[in-house]
Amino acid sequence: MYYFDPHIHMVSRTTDDYERLARMGCVGMSEPAFWAGFDRGSVESFRDYFRQLTDFECKRAAQYGIQHYTWLCINAKEAENVELSREVIAMIPEFLDSPNVLGIGEIGLNKNTKNESIIFMEHVDLAVKYDQQILIHTPHLEDKYQGTRMILDMLTSDSRIDPSRVLVDHVEEHTAREVLDRGFWAGMTLYPVSKCTPQRAVDIIEMCGAERLCVNSAGDWGPSKPTAVPDLIMEMRHRGHPESFIKKVVYDNPIEFFSQSQNFSFTPPEER
Amino acid sequence: MGIPNQEISETMSIPMTSGEVLDREYLEIRAKILQLAASFDRLDRADGDVSSDDRSDLISKGLEILQSSDNNRAEQIQLLFSREFEDAWREQFGI
């Protein structure tokens, strides 16, 4: 089955991973800007990172028949440096016309602080000003519930935001329903230890339905599994879900969401 | 969000029967219970006392949730281990 991984950090992965993903049916992916594992020191570091995302990584993916898209921002961990964050936000428009840029992301909260909230709202302003879609990171572990509520609070109190053009990622059992009920798209991240397992993700699909719900691997430089989406496909098959239902989750849904972006021009494998 | 024992059964659509689920997951559940038992034994064998540690209380409450018959135990466990949300967070931050 072909699938689309809507959240994966390929700058952290090897070319072997691209080959393995292609063999397992991955035909498209989107890569949000994120934390490098250390705090960067200047806006020029981000400019180089955005060049990597918009120029280099898509070519690496194309060698394996995978169409690569990306999202730009300064992540929540580095948002504590408000001065640097504002320099990066001011620089992002230089890259918004790049053909593989889908929008602003993954913005969000990490420890749910005042500075993170301020920079989150400034990113939202940027997205509105340039008519961009938004991809949102929600915090980990004990911070997730509070942070997700804060994010939804900020988004729903802004009348300029169209929820159908926003995906709130890393939802779990205690956050998925409210994200969906408020009209946003939701993403579930399949991680070996934290976040969701494939089994729990399928439980959530069964309980919430498959409308506006996506799954991703968020494969990065930490403990993660870039081939986690095929694991979910296998789990859904084991439970007896029809192929058309599985395809909706792993292929149709991400394409439907991304199709709202002016730069999304995905060509299905059968039409290439 | 966070309402105990919501009427989730209305939206459930797992194609397997409960017997099939148990057949498939019995050994995995057994292994996870065994892992918990061994962890608690390890805590008891180690020097010191963590009974007054807030995390011990959370673990006890989590085990109580597992033994309930509610159909949203995973959601309740998630909320148990979550920081609370305060409606007035913006006022507190002054933004």
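Select T227(A) first and show what surrounds it: setting aside neighbours within four places in sequence, this residue is in contact with R20(A), L21(A) and M24(A). Keep in mind as you look that the model is predicted. T227(A) sits in the loop of chain A that runs between strand 8 (213-216) and helix 8 (228-239). Is T227(A) buried or exposed? Its relative accessibility is 9%, so T227(A) counts as buried.

Now go to the other end of strand 8 and pick R212(A). This residue belongs to the loop between helix 7 (198-208) and strand 8 of chain A. If your viewer shows backbone angles, look at phi: for R212(A) the value is near 60°, which is positive in a residue other than glycine. With a relative accessible area of 26%, R212(A) is partly exposed.

Another positive phi awaits at L141(A). Here the angle is about 45°, and again the residue is not a glycine. You will find L141(A) in the loop of chain A between strand 5 (133-137) and helix 5 (144-156). Colour by accessibility and L141(A) counts as exposed, because its relative accessibility is 61% and exposed means over 50%.

While you are checking backbone angles, select G105(A) and E106(A) together. What kind of peptide bond joins G105(A) and E106(A)? The bond is cis, with omega at about -10°. E106(A) is part of strand 4 of chain A, which covers residues 101-108.

Next, turn on a pocket display and choose the second largest pocket. Which residues lie nearest the centre of the second largest pocket? They are K77(A), H137(A), H140(A), K195(A) and D220(A), out of a lining of 26 residues. The space in this pocket comes to about 540 Å³. Colour the lining by residue type and you should find 10 nonpolar, 9 polar and 7 charged residues.

Time to move over to chain B. Switch to a cartoon view: chain B has 4 helices and 0 strands, and reading along the sequence gives the pattern α-α-α-α. Colour chain B by domain next. The assignment gives domain 1 as 18-47 and domain 2 as 49-82, and the C-alpha centres of these two domains of chain B lie 16 Å apart.

A surface view of chain B is a good follow-up. The chain exposes about 7400 Å², with carbon and sulfur atoms supplying 52% of that area. Of the 95 residues in chain B, 15% count as buried. If you draw contacts within chain B between residues at least 6 apart in sequence, 47% of them join residues at least 24 apart.

Two stops remain in chain B. Select R30(B), which is found in helix 1 (residues 18-45). R30(B) is partly exposed, and its relative accessible area is 47%. Draw a distance from the C-alpha atom of R30(B) to that of K61(B): these residues are 31 apart along the chain, and the line should read 20 Å.

Finish at S52(B), in the loop that connects helix 1 and helix 2 (54-66) of chain B. Is S52(B) buried or exposed? It is exposed, with a relative accessible area of 66%. For a last distance, join the C-alpha atoms of S52(B) and Q35(B), which are 17 residues apart in sequence and 23 Å apart in space.

Note on methods
Residues numbered from 1 in each chain as written. Chains lettered and ligands numbered in written order. Predicted model: local features only at pLDDT ≥ 70, side-chain atom pairs only at ≥ 80, totals over all residues. Heavy atoms only, no water. Helix = DSSP H or I, 4+ residues; strand = E, 2+ residues; numbered from the N terminus. Buried < 20%, exposed > 50% of the residue type's maximum accessible area, 1.4 Å probe, protein only. Contact = heavy atoms within 4.5 Å. Areas by Shrake-Rupley, 256 points an atom, 1.4 Å probe, with all protein chains shown as cover. Domains from an automatic or database assignment. 1 Å grid on protein atoms, 1.4 Å probe; cavity = no way out; pocket = protein on both sides within 12 Å on 5 of 7 lines; lining within 4 Å. Points joined across faces, edges and corners; volume = space filled by probe spheres on them. Nonpolar A, V, L, I, M, F, W, Y, C, P; charged D, E, K, R; others polar.
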